[in-house]
Amino acid sequence: MYTILVVDDTRHVADVFVTMLKEGGYCPLVAHSGQECLDLLATTMPDLLLLDVMMTPMDGWTTLEKIKEDPATLDLPVLMLTSKLLTPAQAEQYSVLIEDYVLKPITNFELYDTIEHVLRRRQAILSDVERARRCGIDGEVISEYARLAKSIEVNRRFLTILENTYKPDKPPVPVSDNILQALKNLEGHLKTQEARHRQIKEEIKKASREPVPKPRYR
């Protein structure tokens, strides 16, 4: 049973997520502010964090930054919860820090699917990292591979959300040249990440091939 920490300063919303998690077979914890979240993490380490963006006095992004500044919670997977539109600036700034961006409202099964996908992806990356270590791959390259494996998928998700939000035809919000340029930049960054990720995967694959010993004759 996975332990999931819900952080939302709107108590009835937090209660809804707690109920959804219980019904899904998870063990939910709850914090009603960013500081309460940080205090709880000092003594308890959940498997995953559901963090609301719109909180006061410390908002979700600030709470996220403090979580990632602490070596003890650096690797804690975080899903951001919000009903606000994602901006290109937020996508660029925070994609490396989070596992996904969940738009409210969300159904039970959508929430469960997102959580399970994140946890499965995390386990797959850990397995790849361990295999790379056994193959003798340089530690910095392994760390880069792990960051890219997660970041690429998050950036793909962000790009999809942004493209759907800022469609040139009948967009829900005005589309400025700056936003269009930001989308192009994100797309270009994603392609660069994918190319580097493929290169490292090939290095790991090559290193994992055991040479076949040739018979020796006297």
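**Ser95**

I began with the side chain of Ser95, which in this predicted model reaches the backbone oxygen of Ala91 at 3.2 Å. I then followed the side chain of Ser95 to a second partner, the side chain of Asn155, with which it makes a polar contact at 3.1 Å. Ser95 is found in the loop between helix H4 and strand E5, and I noted that Ser95 is buried, since its relative accessible area of 6% falls under the 20% cut-off. Leaving aside residues up to four places away in sequence, I listed what Ser95 touches as Gln90, Lys150, Ser151, Val154, Asn155 and Phe158.

**Helix H7**

Next I checked the length of helix H7, which covers residues 177-208. Its 32 residues should span 46 Å at 1.5 Å a residue, and I found the end C-alpha atoms 47 Å apart, which agrees. Which residues of H7 are buried? I wrote down Ile179, Leu183, Leu186, Leu190, Gln193, Glu194, His197, Ile200 and Ile204. As a reminder to myself, an α-helix has 3.6 residues a turn, so residues three or four places apart point the same way. When I asked what covers the buried residues of H7, the cover turned out to include helix H4 (88-94), H5 and helix H6 (139-165).

**Strands E1 and E2**

I turned to strand E1 (residues 3-7) and strand E2 (residues 27-31), which run parallel and are joined by 5 bridges. Within this pair, I saw that Thr3 stands opposite Cys27 in E2. Tracing the chain from E1 through helix H1 (residues 11-23) to E2, I recorded a β-α-β crossover that is right-handed.

**Asp8**

In the loop between E1 and H1 I looked up Asp8. Is Asp8 buried or exposed? Asp8 counts as buried, because its relative accessibility is 1%. The side chain of Asp8 reaches the backbone nitrogen of Thr10 at 2.9 Å. Setting aside residues up to four places away in sequence, I noted that Asp8 touches Val13, Ala14, Ala31, His32, Asp52, Met55 and Lys104.

**Two cis peptide bonds**

Lys104, which I had just met as a contact of Asp8, led me to its peptide bond with Pro105, which is cis, with omega near 0°. Pro105 lies in the loop between strand E5 (100-103) and helix H5 (108-134). I also looked at the peptide bond from Thr56 to Pro57, and this bond is cis, with omega near -5°. Pro57 is found in the loop between strand E3 (48-52) and helix H3 (60-69).

**Ala72**

For an exposed position I chose Ala72, which lies in the loop between H3 and strand E4 (78-82). I entered Ala72 as exposed because its relative accessible area is 57%. From Ala72 to Asp177 I counted 105 residues in sequence, and the C-alpha atoms are 41 Å apart in space.

**Confidence**

Last, I looked up how confident the prediction is, and found a mean pLDDT of 87 for the protein, with 92% of its residues reaching 70 or more. Over residues 212-218, however, the pLDDT is below 50, and beyond near neighbours in sequence this stretch has 0 contacts in the model. I added a caution for my own reading: where pLDDT is low, the predicted coordinates should not be read in detail.

Key:
Residues are numbered from 1 along each chain as its sequence is written. This is a predicted model: local features need pLDDT of at least 70, side-chain atom pairs count only at pLDDT 80 or more; totals for chains, interfaces and linings use all residues. Side-chain values use heavy atoms; hydrogens and water are left out. Two strands pair if DSSP finds at least two bridges between them. Helices (H or I, at least four residues) and strands (E, at least two) are DSSP runs, numbered from the N terminus. A crossover is right-handed if, with the strands pointing away from the viewer, the path from the first strand over the helix to the second runs clockwise. pLDDT is the predictor's confidence in each residue, from 0 to 100. Contact means heavy atoms within 4.5 Å. The expected span of a helix is 1.5 Å times one less than its number of residues. Buried means under 20% relative accessible area, exposed over 50%, partly exposed in between (1.4 Å probe, protein chains only). A polar contact is a pair of N or O atoms within 3.5 Å; within protein, one must be able to donate a hydrogen and the other to accept it, and residues adjacent in sequence count only if both atoms are side-chain atoms.
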